[in-house]
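Student: Hi, could we look at this one together? I'd like to start with how helices touch.
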Amino acid sequence: MALFTSLGIMVVLYLLQSAALTLMVPFNQVDPQSAFPEAFDKIGYTALGNVVALGIIIGLIGGLLTCLYTMTRITYAMSSDGLLFAILGKVNKRTKTPLIGEISFGSLAALLAVIFNLEILVEFLSVGTLITYTIVAAASIILHYQARVTVYDQQRQKLLPNPAMEIEAEETEPGTLKRRFRFLSFLGVGYPGFIVDLCVLLFAIFIGGFLSIFAYAYNEIREGTAWAIILLVLFALGFLTAFFIIYAHQKRRLNLPYTMPWVPFIPASAIALNVLLLINLSATTWIRFSIWFAAGMH
C-alpha cells in the first residue's frame, strides 16, 4: 500500500508540473533541454528560473548518487554470479563496498556522458528500461498460469498453517482451460501453461504491429488505404485473440500477502503501453540496442 501511495503522489506531482509548465508557455514552445528555467525566463522571471535550475542540478546529483548506489549492488551480484570479473565485486575492507567496481563503472558512466549527446544516452537507457518492464509484465502473466512454480509452492507451505490464507479451490489445474471454455480443447497441447506462454509472445508481437500501423501509417488509415486497413484489422484480431486465449485458461489462486490484481488485464495493458513507447524510439537507438544485446548474449 505504501508503494502505491508513493507512486500515486509522484504521478500527481508530475501531472501538476506538466500542467503548470503548459500554462506558462504553449506546449510547442517548451524547451526539452531546459523546460522550467526557459519557461520562467520567457514570462520574465529569470531569477526564479535560475533558482529552479539550481534545484534541478541538485536533484540530478541526488539521482546520480542513487544510481551509483544501485550500481554497486548490481556489480557485486553480477560479479558473484560470474557474469563480470570477480575483481569488480571485491569488497574493500575499509569502505565495505566493491570499491573497484564503483570506480570502474562510475568512470565509464562519466566518460559516456562526456562523449555522447544526452538525448542518445536517454534513449539508450529508455529502450533497456522499457524492454525490462515489458518482460516483467509478461513474466507476471506467465507465472500466474504455471502449474508448478517453486516460489509459489514454498509460499504455500509457509501459509497453509494459517487457515485465513489457505489456497482457494481451483476448478481446474492452473494453465489448463477453464470449464466454460472446454470447447477450445484443441488448444490443450504441451505442458499446462504452454499455450499461455505462446499467446503472451504473440500478444506482444500483434500489439506491436497494431500500434506501429497507427504510428507510421496513420495518414493511410485516414485515407482508407486498403493495405493499411487490412493490416490494422489483422493485428487487432491477433492481439485480441491471444488475450482471449490467455483469459480462457485457469490462473493459480494462491492467497499471498500481495499479488498483482486483475491479471491478465493489468500486465497486458502494461505490455501495450511499453510497446507503444518502444515503437516511438528512433531506428538508431534500436541498432545500438541490438549491438548491446548481441554483445551481452555472446
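Tutor: Happy to! Contact means heavy atoms within 4.5 Å, and helices are DSSP runs of H or I with at least four residues, numbered from the N terminus. This is a predicted model, where local features need pLDDT of at least 70, side-chain atom pairs count only at pLDDT 80 or more, and totals for chains, interfaces and linings use all residues. Residues are numbered from 1 along each chain as its sequence is written, and side-chain values use heavy atoms, leaving out hydrogens and water.

Student: Cool. Which residues in H1 meet H2?

Tutor: Gln17, Leu21 and Met24 in H1 do, and their partners in H2 are Ala35, Phe36, Ala39 and Phe40.

Student: And what classes are they, nonpolar, polar or charged?

Tutor: That contact has 6 nonpolar, 1 polar and no charged residues. Here Ala, Val, Leu, Ile, Met, Phe, Trp, Tyr, Cys and Pro count as nonpolar, Asp, Glu, Lys and Arg as charged, and the others, Gly among them, as polar.

Student: New topic: how many aromatic pairs are there?

Tutor: The structure holds 14. Rings of Phe, Tyr and Trp (its six-membered ring) pair if their centres lie within 6.5 Å; planes under 30 degrees apart are stacked, over 60 edge-to-face, and the rest tilted.

Student: Why is the pair Phe203 and Phe243 tilted?

Tutor: Their planes are at 45°, so the pair counts as tilted, and the ring centres are 6.3 Å apart.

Student: Where do those two sit?

Tutor: Phe203 is in helix H7 (residues 194-216) and Phe243 in helix H9 (residues 226-247), so the pair ties together parts 40 residues apart in sequence.

Student: Back to helices: which one gives the largest share of the lining of the second largest pocket?

Tutor: H5, with 6 residues. A pocket is found on a 1 Å grid over the protein atoms alone, as an open set of points where a 1.4 Å probe fits, with protein on both sides within 12 Å along at least five of seven lines; lining residues have an atom within 4 Å of a point.
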